[in-house]
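Below are some comments on the model you sent, set out as numbered points. They begin with the contact between the chains and then turn to helix packing and to backbone details.

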Amino acid sequence: MSNVLIVGELKNGELKKISKEITSAGRKIADALGGKVTALLIGSGVEKFAGDLGAVGADSVVTVNAGDFNAETWANLVAGVIKEKNPSVVLVPHTSQGKDYSPRVAVKVGAGIIADAVGLSVDGGKVVAKKPIYSGKAYGNFKVTSPIAIFTVRPNSQEVVQKAGAGAAEAASPSAGDAKVKIVSSDLSGGNKVQLAEASIIVSGGRGIKGPENWPILQGLADILGAALGASRAAVDAGWISHSHQVGQTGKTVSPNCYIACGISGAIQHLAGMGSSKYIVAINKDGDAPIFKVATYGVVGDLFEVVPALTDEFKKVLG
Amino acid sequence: MKIIVLVKQVPDTETNIKVGDKSINEAGIKWIISPYDEFAIEEGLRLREKNGGEVIAVSLGPDRVQESLRQAYAMGADRAVQIKVDNYVPFDTVLTAELIANFAKAENADIIIGGRQSIDSDSSQVVIQVAEGLGIAHISFAVSLEISGTSVKATKEVEGGTQVVETSLPVAITAQKGLNEPRYPNLKGLMAAKKKPIETKTPADLGNPASKIEVVGLEPPPPRIPGRKLEAADAKGYAEQLVKALREEAKVI
Ligand SMILES: Cc1cc2nc3c(=O)[nH]c(=O)nc-3n(C[C@H](O)[C@H](O)[C@H](O)COP(=O)(O)OP(=O)(O)OC[C@H]3O[C@@H](n4cnc5c(N)ncnc54)[C@H](O)[C@@H]3O)c2cc1C
């Protein structure tokens, strides 16, 4: 029997989409291996999401009551549940939080780990994880040979499939232990915006937007699409927007369903961060810009005309 | 203060990658220090300049990694250590971390700094696994760091913003862009670095940990959905076509 444990994630008390994505992925693995899917949710009042995860394939949902996120205590809680439930496969979101606690969990339970998986399949009773490597210039397939295998899974890489599991909630209270790192203060002023790394649509601007006063042009499009705002390094280095918006090798890696690049040339370091986007729209004055090599839909034109027209057109159809 | 900085050697971003069966074809590859590890080296040097002590640059891999260690010497590292692993699988984070943790334990290091991720594997695992292996604190995605005596204060990037955190030594740190501006090695440093000794350790010296990863195979990236340039008379025409394509063809909006 090979059971699967998925570790869900919340934001502002709401279930994140990645939690459903990995529950569905876990269901597929469990069906192939003949096991059960347990979802773990940590936080306060998390029982109310048991049904949501049940509907996408969780047989049971373990809830652990806890306060704010801290990587060390979260690692103890997750490792505690792993030791109790003894799954052979554990799926964790490849998010800021997941990256912060998953390494500690792997060592605590003696598991091998493959991070940033975008594909999960089963071969010979083992999960094969596919991940982009060398800035997306190759893909690797890996198995974990230890009894417990952990995979962190890239947001937007797994389909959410409605498939009823029982979703029965049960509370657990593993030891959180003490954290050696204390959080003194938090500035989460960007917190309610759509998160770049997990966004399914991104509107991104580069040097072609000419100056910080022009972000509202892109933000208008982003708002109507419920998209996150991204930027090239040139725009960040010019001081037009904070580094947290930067996409690329020295910024965030993103894999949205749709990436709209406005006034971005498509340098290799930028492609390293967004090249795995499913659909890419490029709006650029220069028809020879390298971004057109990866674009699904290319518009050779002036972004100051095309973007507002696009916003108007979406307003018409999306209300 | 004993500071270990982790230096991973990776293919230059602009290098073409040719996929072999279980690893890439290394012929013709230009190797560089993973960019985030340059922030780690710089931070280590700054901490030493302020607090005294020594900076030990550690790299894991075959002999070619000595070139990266010489660069760390040229920037100002005091010692350089190669953990000599000839069949190095750059995605085997648990094995890498166990070797480094065992080295750090023997050295009784106070601080371990590495990049927030290496650009060949994007795993964001090794440094924090080293912290867990040593049973010490970690601060990931650090954008500022102050150490005085044994107290550590840092600002780290988190989802939606930043946090100020505190802990005490020993600590492991992952460097995010913004932490500092790495210095360039100067010519004198580069010349001197050529003559400096590189210590080597073998896995046998460091507990001989076992790998928990099997490489099934490498493949080229999946083909992209074929693209096309749209044709229209004006901005409105482009907008109409794009909306139609994204809603009816791609079905992503
Ligand atoms: C170590 C290293 C790491 C790096 N990391 C990153 C990274 O993480 N992310 C990143 O993005 N870059 C990164 N870079 C930088 C990268 O090489 C490019 O310099 C950068 O991506 C260029 O940004 P850009 O496309 O906005 O600017 P440019 O290359 O200047 O392109 C601007 C584009 O805008 C177009 N344009 C101008 N006006 C208009 C208009 N009115 N309408 C439409 N189009 C217009 C132009 O035709 C041009 O194609 C890195 C570089 C190095 C060396």
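1. A salt bridge is here a side-chain nitrogen of Lys or Arg within 4 Å of a carboxyl oxygen of Asp or Glu. By that rule, 8 salt bridges are found across the interface of chain B and chain A, while the structure holds 37 over all chains. Please keep in mind throughout that this is a predicted model.

2. Two of the pairs deserve to be named. In one of them, E219(B) is bridged to K130(A), with the closest N and O atoms 2.8 Å apart. In another, K11(A) pairs with E159(B), and here the closest N and O atoms are 3.9 Å apart, a value to be read against the cut-off of 4 Å. K11(A) belongs to strand β2 (residues 10-11) of chain A and E159(B) to the loop between β8 (151-158) and β9 (161-168) of chain B, so this salt bridge joins two chains.

3. How many residues of each chain take part in the contact between chain B and chain A? The contact involves 82 residues of chain B and 93 residues of chain A. About 7,300 Å² is buried between the two chains, and carbon and sulfur atoms give 58% of that area. On the side of chain B, the residues that lose the most area to chain A are E132(B), E159(B) and R224(B), which together account for 10% of what that side buries.

4. A helix pair also spans the two chains: the axes of α9 (residues 303-318) of chain A and α6 (residues 235-249) of chain B come within 8 Å and cross at roughly 50°. The two helices are therefore oblique to each other, and α9(A) passes α6(B) in a right-handed crossing. Among the residues that meet here are V306(A), L310(A), F314(A) and V317(A) from α9(A), and Y238(B), L242(B), V243(B) and L246(B) from α6(B). Sorted by class, this contact has 12 nonpolar and 6 charged residues, with no polar ones.

5. Helix α9(A) also packs within its own chain, where its axis and that of α5 (residues 215-225) of chain A come within 9 Å and cross at roughly 20°. Because of this angle, α5(A) and α9(A) count as roughly parallel, and their crossing is left-handed. The contact includes I217(A), L221(A) and I224(A) of α5(A), together with F304(A), L310(A), F314(A) and L318(A) of α9(A). Its residues divide into 11 nonpolar, 2 polar and 1 charged. Both L310(A) and F314(A) thus appear in the contact with α5(A) and in the contact with α6(B).

6. In chain B, the axes of α2 (residues 66-75) and α5 (residues 187-195) come within 8 Å and cross at roughly 130°, which makes α2(B) oblique to α5(B). This crossing is right-handed. R70(B), Y73(B) and A74(B) of α2(B) meet G189(B), L190(B), A193(B) and K194(B) of α5(B), a set made up of 4 nonpolar, 1 polar and 2 charged residues.

7. Two backbone details may be looked at in the model. The peptide bond from L169(B) to P170(B) is cis, with omega near -5°, and P170(B) is found in the loop between β9 and β10 (171-175) of chain B. D116(A), although not a glycine, has a positive phi of about 65°, and this residue lies in strand β7 (residues 112-117) of chain A.

Key: Residues are numbered from 1 along each chain as its sequence is written. Chains are lettered from A and ligands numbered from 1 in the order in which they are written. This is a predicted model: local features need pLDDT of at least 70, side-chain atom pairs count only at pLDDT 80 or more; totals for chains, interfaces and linings use all residues. Side-chain values use heavy atoms; hydrogens and water are left out. Axes are lines fitted to C-alpha atoms, for helices over the stretch in contact, and angles run from 0 to 180 degrees between N-to-C directions. Helices (H or I, at least four residues) and strands (E, at least two) are DSSP runs, numbered from the N terminus. Angles under 35 degrees count as roughly parallel, over 145 as roughly antiparallel, 65 to 115 as roughly perpendicular and the rest as oblique. A crossing is left-handed if the near helix is turned anticlockwise from the far one by less than a right angle, and right-handed if clockwise. Contact means heavy atoms within 4.5 Å. Ala, Val, Leu, Ile, Met, Phe, Trp, Tyr, Cys and Pro count as nonpolar, Asp, Glu, Lys and Arg as charged, and the others, Gly among them, as polar. Buried area is the accessible area (1.4 Å probe) that two parts lose on being put together, summed over both.
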